[in-house]
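Biologist: Let us go through the ligand site. I will ask what each label rests on.

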Amino acid sequence: MDVAKNLTEIEANIKRACEKSNRSFEEIMIIGVTKYVTIERAEETIDAGIENLGENRNEGFLEKYEKIGNRANWHFIGTLQSRKVKDIINKVDYLHSLDRVSLAKEINKRAEKPVKCFVQVNVSGEESKHGLAKEAVISFVEEIKKFPNIQVVGLMTMAPHIDDKHEIRKVFRQLAELRDEVRTKNYSHAPCEYLSMGMSNDYSIAIEEGATHIRIGSKLVGK
Ligand SMILES: *Cc1c(COP(=O)(O)O)cnc(C)c1O
């Protein structure tokens, strides 16, 4: 596993997807998802030039954060239990999994400054997936306006694990449309500029559909 070599390949794919969709490479943030790997591999990822790391569990995040600290920006991408908010919320730079009012309330209480959050949406409607139903997103964003420490910077989704590229594309396209809808509301607490979508197997499609933050684990750092 050579992270720098993987990154070269991924960047070439990103450039290709950007050209296809008339976007610029600078718009895309690569989040290196280190949840499967050691601290050493996370360090290697930083050395390869990745400035943003993603973790999905409190324990894994805190372990790496202790060693790496602010040499990376930290993205929490997993389900967050309300009772564990206090352990991590003032250490992460972005939360990608805001999906309920009770969680927003707890973050608002524990955070020392506004937290940049992505609202997680279950676009595909699979039962196994976390996130709000598409139809619930606007009213959710309106409801959390009362929490000054919540800032909605974008929407996040995970595409289903299927081979049908057309279906995957449809999921990403729907998230982009929903993001546009939130933006037209001009909420001051929810500028909602960004789209966190695309993982190892589908990031090219996600970029073609407007992704600004792609979360790449296995194809970048290994398993
Ligand atoms: C694990 C994970 C990823 C990265 O998955 P890969 O397929 O290994 O790239 C991205 N997003 C979330 C929310 C994850 O849990």
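Biologist: How many nonpolar, polar and charged residues does the shell around the ligand have, by class?

Modeller: The shell has seven nonpolar, three polar and two charged residues. This is a predicted model, in which local features need pLDDT of at least 70, side-chain atom pairs count only at pLDDT 80 or more, and totals for chains, interfaces and linings use all residues. Residues are numbered from 1 along each chain as its sequence is written, and side-chain values use heavy atoms, with hydrogens and water left out.

Biologist: Which residues are around the ligand?

Modeller: Among them are Val-33, Ile-77, Met-156, Ser-200 and Gly-217. A residue counts as near if one of its heavy atoms lies within 4 Å of the molecule.

Biologist: What makes the pair between Lys-35 and the ligand a polar contact?

Modeller: A polar contact is a pair of N or O atoms within 3.5 Å. An N or O atom in the Lys-35 side chain is 2.6 Å from a ligand oxygen, so the pair qualifies. Tyr-36 places a polar side-chain atom 2.8 Å from a ligand oxygen, and the Arg-215 side chain has an N or O atom 2.8 Å from a ligand nitrogen.

Biologist: How much of the ligand does the protein bury?

Modeller: Of the 390 Å² that the ligand exposes when taken alone, the protein buries 92%. Accessible areas come from the Shrake-Rupley method with a 1.4 Å probe.

Terms used. A polar contact is a pair of N or O atoms within 3.5 Å; within protein, one must be able to donate a hydrogen and the other to accept it, and residues adjacent in sequence count only if both atoms are side-chain atoms. Ala, Val, Leu, Ile, Met, Phe, Trp, Tyr, Cys and Pro count as nonpolar, Asp, Glu, Lys and Arg as charged, and the others, Gly among them, as polar.
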